Amino acid sequence: MEQEGKMSHIHFPDGVLPVWLWVSGFIVAILVGTIFFRLIKKEELTRRLPLLGMMSAVMVLGATVEIVPIAYHVNLTVISGILLGPSLIFLATFVVNVILSLFGHGGITVIGLNTLTLSIEGVVGYFLFRLFWKVLKRLTLAIFLATFLALIFSTFAMIGVVSLGTSHYEELIHQESGKGLIGLEFGKEKEEHPKEGISEKEVNLKRFIAIILPLGFIGWLLEGIITAFICRYIYRLRPDLLHLEKASP
Amino acid sequence: MIQLSYLDYVAVEKKSFLHRLSPKIKIIGMVFVLFGLITLRNVSGLLLLYGMILALFFLSRTPIRLFPLTLYPLIFAILFVFISGFQIVFILLIFLKVLCGSTGVVLLLATTPYPSIFSVLGRVLPSSFVTALFLTYRSIFILLNILEETQQALYLRGGFQWRHPWRSLINISNAFGHLMIKGIDASEKMYESMVLRGFKNKIHYRGE
């Protein structure tokens with residue numbers, strides 16, 4: 001149950017993914033960040049920096065406040081994306097991942113990859129919300145669908161990232177088995193059950209996906225419902241923040 | 001909840017040899033830890049690295065209350081166990097790598113105030129990004145105060161109860177909504193006062 005809330009995305013820890021992968025993550029994140037930066041005017045960025053800081057802080061708090069009985073924590077990336085816009089949400093997720101990594105909540109080397117997977121939620125959520133709002137004209141439903149689908153996107157992006165490191169995991173499994181003090185002991189064990197050892201020594205992504213997706217579904221639902229209620233609350237008190245057209249939901 | 005304010009208090013108030021060390025040296029040390037956990041591929045080497053970080057953790061008299069923070073990333077590491085087909089050596093490797101990283105950063109944070117870290121980062125990262133980091137850090141404390149008040153209100157409204165899950169979800173969502181609106185109001189006021197004090201797009205740290 002403890003893992004449930006985190007299944008809509010996971011924060012990759014340090015040392016798990018291959019170097020080429022997290023270095024590429026940094027390069028892509030910096031490139032994407034530069035493009036988004038170019039899209040915003042400098043004055044606009046300066047003016048909105050406090051708002052960006054505040055929404056990043058909301059996301060950090062969301063990630064750290066556990067709803068105790070179900071051990072779930074919300075990301076609030078989609079609602080932050082709607083309030084900040086696609087360019088600023090990317091920078092915000094970058095900031096959030098740096099701050100969270102300083103608590104050990106996600107690794108430092110994988111800040112780039114974590115930013116890319118998390119910002120997918122914000123950016124995709126923003127555009128989906130605009131689309132659903134235009135089509136459905138119903139706020140709660142539009143935000144729920146946008147959040148739910150955005151989380152599906154980010155979960156599959158995360159699975160994609162994990163699957164890219166397959167050869168690295170195999171390397172780690174095989175490399176350690178034949179050497180080192182502890183490795184010798186396990187080597188003995190393997191000799192007694194050679195067939196089991198061979199079958200067990202393969203990277204099993206299907207098992208990983210089979211665990212992630214059902215738990216993820218609960219996370220997508222909860223996050224979708226909570227984000228929809230938050231959005232409804234904001235619409236009641238400060239509709240201007242959502243930048244919607246005049247038509248009421 | 002992450003004990004952010006307590007972590008900040010420990011970083012500022014405690015006076016161990018690690019607290020007195022220059023932030024630059026500690027960040028370089030953290031880079032070495034990261035280099036170690038990336039390059040080391042045997043359990044004994046990683047155990048040694050973890051032992052060294054743990055020794056520093058206790059020698060710097062970092063409160064034990066912060067230790068559980070270092071274990072939190074194991075939740076994410078557990079997922080990788082399913083990939084490996086439960087190979088014990090692989091699990092040990094992954095867990096040790098994760099623990100080395102998380103214990104290292106918690107130790108860095110518990111012995112170095114955030115502004116000092118941002119000040120060092122400001123020399124290599126774009127100023128807008130470092131300003132955003134600082135404002136986020138500042139905003140977390142503003143929100144923590146609002147959250148405290150909101151928690152009281154949430155409690156009076158029934159909080160989270162298993163018997164009423166739907167109502168509980170609405171309560172929690174409203175609390176987050178309230179937090180956001182109050183936070184946005186606070187950010188607008190913060191921007192006004194920053195402009196009044198001459199803010200352009202960079203925050204200057206003491207000693208710069």
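What share of the contacts in chain B with a separation of 6 or more comes from residues 24 or more positions apart? The figure is 78%. Keep that in mind as you click around, and remember that this is a predicted model.

**Stop 1: chain B as a whole**

Select chain B and colour it by secondary structure. You'll find ten helices and zero strands, so don't go hunting for arrows: reading from the N terminus, the order is α-α-α-α-α-α-α-α-α-α. Turn the C-alpha trace around and you have about 55 × 50 × 30 Å along its principal axes. Of the 208 residues in chain B, 38% are buried.

Now colour residues 4-112 one way and 123-196 another. These are domain 1 and domain 2 of chain B. The centres of the two domains, taken over C-alpha atoms, are 29 Å apart.

**Stop 2: two helices in chain B**

Next, select residues 114-121 and 127-156 of chain B, which are helix α8 and helix α9. They pack at an angle of about 170°, and their axes are 10 Å apart. That angle is over 145°, so α8(B) and α9(B) are roughly antiparallel to each other.

Show side chains here. On the α8(B) side, pick Tyr114(B), Phe118(B) and Leu121(B); they meet Val130(B), Leu133(B), Phe134(B) and Tyr137(B) of α9(B). Sorted by class, this contact has seven nonpolar residues, with no polar and no charged ones.

**Stop 3: a loop in chain B**

Move to Arg61(B), in the loop that links α4 (43-59) and α5 (67-71) of chain B. Check its backbone: phi is near 55°, a positive value in a residue other than glycine. Is Arg61(B) buried or partly exposed? It counts as partly exposed, because it has 16 C-beta neighbours inside 10 Å.

**Stop 4: over to chain A**

Switch to chain A, which also comes out with ten helices and zero strands. Its elements run α-α-α-α-α-α-α-α-α-α from the N terminus on. Out of 249 residues in chain A, 50% count as buried. For contacts between residues at least 6 apart in sequence, 77% in chain A join residues at least 24 apart.

Zoom in on Leu76(A), in the loop between α2 and α3 (77-84) of chain A. Phi of Leu76(A) is near 60°, another positive value in a residue other than glycine. Leu76(A) counts as buried because 27 C-beta neighbours lie inside 10 Å.

Then go to Arg238(A), in the segment after α10 (205-237) of chain A. With 15 C-beta neighbours inside 10 Å, Arg238(A) counts as partly exposed. Try the distance tool from Arg238(A) to Thr155(A): C-alpha to C-alpha they are 31 Å apart, with their positions 83 residues apart in sequence.

**Stop 5: where the chains meet**

Finish by selecting helix α2 (residues 42-64) of chain A together with helix α10 (residues 165-196) of chain B. These two pack at about 150°, with axes 9 Å apart. α2(A) and α10(B) are therefore roughly antiparallel to each other, and their crossing is right-handed.

For the details, show these residues:

- From α2(A): Arg47(A), Pro50(A), Leu51(A), Gly53(A), Met54(A), Ala57(A) and Val58(A).
- From α10(B): Leu179(B), Met180(B), Gly183(B), Ile184(B), Ala186(B), Ser187(B), Met190(B) and Tyr191(B).

By class, the contact of α2(A) with α10(B) has eleven nonpolar, three polar and one charged residues.

Conventions. Residues are numbered from 1 along each chain as its sequence is written. Chains are lettered from A and ligands numbered from 1 in the order in which they are written. This is a predicted model: local features need pLDDT of at least 70, side-chain atom pairs count only at pLDDT 80 or more; totals for chains, interfaces and linings use all residues. Axes are lines fitted to C-alpha atoms, for helices over the stretch in contact, and angles run from 0 to 180 degrees between N-to-C directions. Helices (H or I, at least four residues) and strands (E, at least two) are DSSP runs, numbered from the N terminus. Angles under 35 degrees count as roughly parallel, over 145 as roughly antiparallel, 65 to 115 as roughly perpendicular and the rest as oblique. A crossing is left-handed if the near helix is turned anticlockwise from the far one by less than a right angle, and right-handed if clockwise. Two residues are in contact if their C-beta atoms, placed from the backbone, lie within 7 Å. Ala, Val, Leu, Ile, Met, Phe, Trp, Tyr, Cys and Pro count as nonpolar, Asp, Glu, Lys and Arg as charged, and the others, Gly among them, as polar. Domain bounds come from an automatic or database domain assignment. A residue is buried if 20 or more other C-beta atoms lie within 10 Å of its own, exposed if 12 or fewer, and partly exposed in between; C-beta atoms are placed from the backbone.
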